[in-house]
Amino acid sequence: MSLSHITVNPDSSHEDRAQAIRDTLRDAIVDRRLAPGTKLSEAEVGTLFEVSRTVVRAALQMLAYEGLVKAERNRGAFVSNPTPDEARQVFASRRLIEPGVVDAAIEKITPAAAKKLREHLVEESRHQLERGPTARRAEIRASGDFHLMLAALAGNAILEKFMDELVARSSLVIALYGRSGVSSCGHNDHADLLDALEAKDAAKARALMLRHLDHIEADLDLRMKEGLALKDALAL
(Lines give C-alpha, C1' and ligand atoms only; values in the text may rest on other atoms or scores of the structure.)
Protein backbone atom coordinates (compact mmCIF):
# COMPACT_ATOMS: atom_id res chain seq x y z
CA MET A 1 0.00 0.00 0.00
CA SER A 2 1.17 3.52 -0.76
CA LEU A 3 0.71 4.79 2.79
CA SER A 4 3.51 6.05 4.98
CA HIS A 5 3.88 5.16 8.64
CA ILE A 6 1.16 6.97 10.60
CA THR A 7 0.69 7.01 14.35
CA VAL A 8 -2.78 7.09 15.90
CA ASN A 9 -3.10 8.60 19.37
CA PRO A 10 -2.63 5.57 21.68
CA ASP A 11 -4.63 7.28 24.44
CA SER A 12 -7.75 7.62 22.30
CA SER A 13 -10.64 5.18 22.54
CA HIS A 14 -11.00 2.07 20.39
CA GLU A 15 -13.75 3.82 18.42
CA ASP A 16 -11.72 7.01 17.89
CA ARG A 17 -8.69 5.06 16.67
CA ALA A 18 -10.84 3.06 14.26
CA GLN A 19 -12.44 6.29 13.01
CA ALA A 20 -9.03 7.92 12.46
CA ILE A 21 -7.84 4.93 10.43
CA ARG A 22 -11.08 4.89 8.47
CA ASP A 23 -10.68 8.59 7.65
CA THR A 24 -7.08 8.18 6.47
CA LEU A 25 -7.82 5.11 4.34
CA ARG A 26 -10.95 6.73 2.95
CA ASP A 27 -9.00 9.78 1.79
CA ALA A 28 -6.41 7.54 0.13
CA ILE A 29 -9.14 5.55 -1.64
CA VAL A 30 -11.08 8.58 -2.86
CA ASP A 31 -7.85 10.24 -4.05
CA ARG A 32 -6.97 6.91 -5.71
CA ARG A 33 -3.64 6.70 -3.93
CA LEU A 34 -4.99 3.26 -3.07
CA ALA A 35 -6.12 1.81 -6.38
CA PRO A 36 -9.28 -0.28 -6.84
CA GLY A 37 -8.52 -3.91 -6.03
CA THR A 38 -5.70 -3.12 -3.57
CA LYS A 39 -5.63 -5.59 -0.69
CA LEU A 40 -5.90 -4.00 2.75
CA SER A 41 -4.12 -6.46 4.99
CA GLU A 42 -5.18 -6.17 8.63
CA ALA A 43 -1.64 -6.96 9.73
CA GLU A 44 -0.04 -4.36 7.44
CA VAL A 45 -2.55 -1.63 8.30
CA GLY A 46 -2.12 -2.43 11.98
CA THR A 47 1.65 -2.10 11.68
CA LEU A 48 1.39 1.19 9.80
CA PHE A 49 -0.91 2.71 12.40
CA GLU A 50 0.52 0.88 15.43
CA VAL A 51 -2.86 -0.53 16.45
CA SER A 52 -4.34 -3.97 16.99
CA ARG A 53 -6.03 -5.94 14.23
CA THR A 54 -9.29 -5.52 16.15
CA VAL A 55 -9.11 -1.75 15.64
CA VAL A 56 -8.19 -2.20 11.97
CA ARG A 57 -11.09 -4.60 11.48
CA ALA A 58 -13.51 -2.01 12.86
CA ALA A 59 -12.14 0.64 10.48
CA LEU A 60 -12.45 -1.70 7.49
CA GLN A 61 -16.01 -2.54 8.48
CA MET A 62 -16.87 1.17 8.38
CA LEU A 63 -15.41 1.44 4.88
CA ALA A 64 -17.22 -1.71 3.77
CA TYR A 65 -20.51 -0.22 5.00
CA GLU A 66 -19.82 2.84 2.84
CA GLY A 67 -19.09 0.67 -0.19
CA LEU A 68 -15.45 1.74 -0.48
CA VAL A 69 -14.04 -1.59 0.69
CA LYS A 70 -15.16 -5.10 -0.18
CA ALA A 71 -14.62 -7.90 2.33
CA GLU A 72 -14.16 -11.35 0.77
CA ARG A 73 -14.48 -14.48 2.85
CA ASN A 74 -11.13 -16.20 3.45
CA ARG A 75 -9.35 -13.59 1.32
CA GLY A 76 -9.54 -10.35 3.27
CA ALA A 77 -10.51 -6.76 2.47
CA PHE A 78 -9.91 -4.99 -0.84
CA VAL A 79 -10.49 -1.48 -2.15
CA SER A 80 -13.77 -1.64 -4.05
CA ASN A 81 -13.62 -2.00 -7.81
CA PRO A 82 -17.13 -0.86 -8.83
CA THR A 83 -18.69 -2.50 -11.87
CA PRO A 84 -20.27 -0.40 -14.64
CA ASP A 85 -23.72 -1.33 -13.31
CA GLU A 86 -22.77 -0.20 -9.79
CA ALA A 87 -21.47 3.06 -11.25
CA ARG A 88 -24.82 3.66 -12.95
CA GLN A 89 -26.63 2.95 -9.69
CA VAL A 90 -24.52 5.57 -7.90
CA PHE A 91 -25.58 8.27 -10.35
CA ALA A 92 -29.19 7.09 -10.40
CA SER A 93 -29.19 7.56 -6.62
CA ARG A 94 -27.71 11.02 -6.94
CA ARG A 95 -30.43 12.03 -9.40
CA LEU A 96 -33.03 11.06 -6.82
CA ILE A 97 -31.36 12.85 -3.91
CA GLU A 98 -29.61 15.97 -5.19
CA PRO A 99 -32.64 17.88 -6.49
CA GLY A 100 -33.85 17.69 -2.88
CA VAL A 101 -30.48 19.00 -1.71
CA VAL A 102 -30.94 21.95 -4.07
CA ASP A 103 -34.43 22.69 -2.73
CA ALA A 104 -33.17 22.68 0.85
CA ALA A 105 -30.06 24.73 0.02
CA ILE A 106 -32.11 27.46 -1.67
CA GLU A 107 -34.01 27.99 1.57
CA LYS A 108 -30.80 28.32 3.60
CA ILE A 109 -28.31 30.07 1.31
CA THR A 110 -26.99 33.41 2.56
CA PRO A 111 -24.63 35.96 0.98
CA ALA A 112 -21.84 34.61 3.19
CA ALA A 113 -22.51 31.02 2.11
CA ALA A 114 -22.63 32.05 -1.55
CA LYS A 115 -19.31 33.87 -1.15
CA LYS A 116 -17.73 30.74 0.31
CA LEU A 117 -19.03 28.67 -2.61
CA ARG A 118 -17.67 31.24 -5.10
CA GLU A 119 -14.27 31.03 -3.45
CA HIS A 120 -14.40 27.26 -3.79
CA LEU A 121 -15.09 27.61 -7.53
CA VAL A 122 -11.85 29.58 -7.85
CA GLU A 123 -10.01 26.62 -6.35
CA GLU A 124 -11.75 24.26 -8.79
CA SER A 125 -10.66 26.44 -11.72
CA ARG A 126 -7.06 26.32 -10.55
CA HIS A 127 -7.08 22.52 -10.47
CA GLN A 128 -8.67 22.34 -13.93
CA LEU A 129 -5.79 24.34 -15.39
CA GLU A 130 -3.23 21.93 -13.96
CA ARG A 131 -2.25 18.62 -15.54
CA GLY A 132 -1.14 15.23 -14.29
CA PRO A 133 -2.55 12.54 -11.98
CA THR A 134 -2.11 14.62 -8.82
CA ALA A 135 -4.05 17.52 -10.35
CA ARG A 136 -6.76 15.14 -11.55
CA ARG A 137 -7.23 13.72 -8.07
CA ALA A 138 -7.36 17.22 -6.59
CA GLU A 139 -9.93 18.35 -9.17
CA ILE A 140 -12.16 15.33 -8.55
CA ARG A 141 -12.01 15.97 -4.81
CA ALA A 142 -12.72 19.71 -5.18
CA SER A 143 -15.67 18.97 -7.46
CA GLY A 144 -17.11 16.52 -4.96
CA ASP A 145 -16.56 18.99 -2.14
CA PHE A 146 -18.83 21.51 -3.92
CA HIS A 147 -21.70 19.03 -3.71
CA LEU A 148 -20.91 18.31 -0.06
CA MET A 149 -20.94 22.04 0.69
CA LEU A 150 -24.45 22.24 -0.77
CA ALA A 151 -25.52 19.27 1.36
CA ALA A 152 -24.08 20.93 4.48
CA LEU A 153 -25.91 24.13 3.57
CA ALA A 154 -29.19 22.19 3.51
CA GLY A 155 -28.85 21.70 7.27
CA ASN A 156 -29.91 18.04 7.34
CA ALA A 157 -27.32 15.80 9.00
CA ILE A 158 -28.79 12.55 7.66
CA LEU A 159 -28.95 13.91 4.12
CA GLU A 160 -25.39 15.16 4.47
CA LYS A 161 -24.23 11.67 5.50
CA PHE A 162 -25.94 10.10 2.47
CA MET A 163 -24.27 12.64 0.20
CA ASP A 164 -20.88 12.04 1.79
CA GLU A 165 -21.14 8.34 0.91
CA LEU A 166 -22.46 8.97 -2.61
CA VAL A 167 -19.78 11.55 -3.43
CA ALA A 168 -17.06 9.21 -2.15
CA ARG A 169 -18.37 6.40 -4.36
CA SER A 170 -18.70 8.81 -7.28
CA SER A 171 -15.09 9.92 -6.89
CA LEU A 172 -13.95 6.30 -7.07
CA VAL A 173 -16.12 5.71 -10.15
CA ILE A 174 -14.87 8.87 -11.91
CA ALA A 175 -11.24 8.00 -11.19
CA LEU A 176 -11.80 4.49 -12.56
CA TYR A 177 -14.03 5.15 -15.59
CA GLY A 178 -13.59 8.84 -16.43
CA ARG A 179 -12.49 9.55 -20.00
CA SER A 180 -11.49 13.20 -19.66
CA GLY A 181 -8.16 14.47 -18.46
CA VAL A 182 -10.06 15.92 -15.52
CA SER A 183 -13.44 15.27 -13.97
CA SER A 184 -16.40 16.43 -16.04
CA CYS A 185 -17.97 17.74 -12.82
CA GLY A 186 -17.27 21.10 -14.38
CA HIS A 187 -16.65 24.53 -12.94
CA ASN A 188 -19.10 26.11 -15.41
CA ASP A 189 -21.89 23.74 -14.36
CA HIS A 190 -21.24 24.59 -10.73
CA ALA A 191 -21.17 28.33 -11.44
CA ASP A 192 -24.50 28.17 -13.30
CA LEU A 193 -26.01 26.17 -10.47
CA LEU A 194 -24.80 28.67 -7.89
CA ASP A 195 -26.30 31.52 -9.94
CA ALA A 196 -29.68 29.77 -9.83
CA LEU A 197 -29.38 29.16 -6.09
CA GLU A 198 -28.63 32.82 -5.41
CA ALA A 199 -31.56 33.83 -7.62
CA LYS A 200 -33.81 31.50 -5.57
CA ASP A 201 -34.90 29.84 -8.83
CA ALA A 202 -35.63 26.33 -7.55
CA ALA A 203 -36.95 24.90 -10.82
CA LYS A 204 -33.90 26.08 -12.76
CA ALA A 205 -31.51 24.88 -10.05
CA ARG A 206 -33.07 21.39 -10.02
CA ALA A 207 -32.87 21.18 -13.82
CA LEU A 208 -29.24 22.33 -13.79
CA MET A 209 -28.34 19.77 -11.15
CA LEU A 210 -29.87 16.92 -13.17
CA ARG A 211 -28.16 18.13 -16.35
CA HIS A 212 -24.90 18.38 -14.46
CA LEU A 213 -25.15 14.79 -13.20
CA ASP A 214 -25.95 13.68 -16.76
CA HIS A 215 -22.75 15.41 -17.92
CA ILE A 216 -20.65 13.58 -15.35
CA GLU A 217 -22.07 10.16 -16.20
CA ALA A 218 -21.77 10.82 -19.95
CA ASP A 219 -18.03 11.29 -19.46
CA LEU A 220 -17.67 7.78 -18.03
CA ASP A 221 -16.71 4.84 -20.22
CA LEU A 222 -19.04 2.21 -18.78
CA ARG A 223 -18.94 -0.21 -21.67
CA MET A 224 -18.27 -3.81 -20.74
CA LYS A 225 -15.01 -4.91 -22.29
CA GLU A 226 -13.61 -8.37 -22.76
CA GLY A 227 -10.13 -8.88 -21.41
CA LEU A 228 -7.32 -9.75 -23.77
CA ALA A 229 -5.61 -13.10 -23.77
CA LEU A 230 -2.29 -13.06 -21.92
CA LYS A 231 -0.30 -13.29 -25.16
CA ASP A 232 -2.20 -10.36 -26.70
CA ALA A 233 -2.05 -8.26 -23.53
CA LEU A 234 1.73 -8.64 -23.43
CA ALA A 235 2.01 -8.10 -27.21
CA LEU A 236 4.03 -11.30 -27.61
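This report walks through the helices, the small sheet and a few single residues of one protein chain.

## The overall picture

Please keep in mind that the structure is a predicted model. The protein contains ten helices and three strands. Following the sequence from its start, you meet them in the pattern α-β-α-α-β-β-α-α-α-α-α-α-α. The protein has 236 residues, and 45% of them count as buried. Take the contacts between residues at least 6 apart in sequence: 78% of these join residues at least 24 apart.

## The sheet

The three strands form an open sheet, in which they stand in the order 1-3-2 with antiparallel pairing. Strand 1 (39-40) and strand 2 (69-72) are at the edges with a single partner strand each, so one side of each has no neighbour in the sheet.

Let us look at the two pairings in turn. Strand 2 and strand 3 (residues 76-79) run antiparallel and are joined over four bridges. Within this pairing, Lys70 has Phe78 of strand 3 as its bridge partner, and Glu72 is bridged to Gly76 of strand 3. Strand 1 and strand 3 are also paired in the antiparallel sense, here over two bridges. Phe78 turns up again in this second pairing, as the strand 3 bridge partner of Lys39.

Strand 2 and strand 3 also form a hairpin with three residues between the strands, where Asn74 takes a positive phi near 65°.

## How the helices pack

A word of background helps here. Two packed helices can be described by the angle between their axes together with the distance between those axes. The table gives these values for three pairs.

| Helix pair | Angle between axes | Distance between axes |
|---|---|---|
| Helix 2 (residues 42-49) and helix 3 (residues 53-65) | about 110° | 9 Å |
| Helix 1 (residues 14-30) and helix 3 | roughly 55° | within 8 Å |
| Helix 4 (residues 84-108) and helix 7 (residues 157-177) | roughly 140° | within 10 Å |

We can begin with helix 2 and helix 3, which pack at an angle of about 110°. Angles from 65 to 115 degrees count as roughly perpendicular, so helix 2 is roughly perpendicular to helix 3. Helix 2 brings Glu42, Ala43, Val45 and Gly46 to the contact, while helix 3 brings Arg53, Val56, Arg57 and Leu60. Sorted by class, the residues of this contact are four nonpolar, one polar and three charged.

Helix 3 also packs against helix 1, with the axes crossing at roughly 55°. Helix 1 and helix 3 are therefore oblique to each other, and their crossing is right-handed. On the helix 1 side, the contact includes His14, Ala18, Ile21 and Leu25. On the helix 3 side, Thr54, Val55, Ala58 and Leu63 are among the residues that take part. The contact of helix 1 with helix 3 has nine nonpolar, three polar and four charged residues.

The third pair is helix 4 and helix 7, whose axes cross at roughly 140°. That angle makes helix 4 oblique to helix 7, and the crossing is left-handed. Among the helix 4 residues in the contact are Pro84, Val90, Phe91 and Ile97. Helix 7 contributes residues including Leu159, Met163, Val173 and Tyr177. By class, this contact of helix 4 with helix 7 has 13 nonpolar, two polar and three charged residues.

## Some single residues to find

Glu124 is a good place to start, and it lies in helix 5 (residues 111-129). Glu124 counts as buried because its relative accessibility is 0%. If you search for His190, you will find that Glu124 and His190 are 66 residues apart in sequence and 9.7 Å apart in space, taken from C-alpha to C-alpha.

Two loop residues are worth a look as well. Glu50 lies in the loop between helix 2 and helix 3, and has a positive phi of about 60° although it is not a glycine. With 51% relative accessibility, Glu50 counts as exposed. Lys200 is in the loop between helix 8 (187-198) and helix 9 (202-218). Lys200, too, is a residue other than glycine with a positive phi, in this case near 60°. Its relative accessibility is 45%, so Lys200 counts as partly exposed.

Definitions and conventions. Residues are numbered from 1 along each chain as its sequence is written. This is a predicted model: local features need pLDDT of at least 70, side-chain atom pairs count only at pLDDT 80 or more; totals for chains, interfaces and linings use all residues. Side-chain values use heavy atoms; hydrogens and water are left out. Axes are lines fitted to C-alpha atoms, for helices over the stretch in contact, and angles run from 0 to 180 degrees between N-to-C directions. Angles under 35 degrees count as roughly parallel, over 145 as roughly antiparallel, 65 to 115 as roughly perpendicular and the rest as oblique. Contact means heavy atoms within 4.5 Å. Ala, Val, Leu, Ile, Met, Phe, Trp, Tyr, Cys and Pro count as nonpolar, Asp, Glu, Lys and Arg as charged, and the others, Gly among them, as polar. Two strands pair if DSSP finds at least two bridges between them. A crossing is left-handed if the near helix is turned anticlockwise from the far one by less than a right angle, and right-handed if clockwise. Buried means under 20% relative accessible area, exposed over 50%, partly exposed in between (1.4 Å probe, protein chains only).
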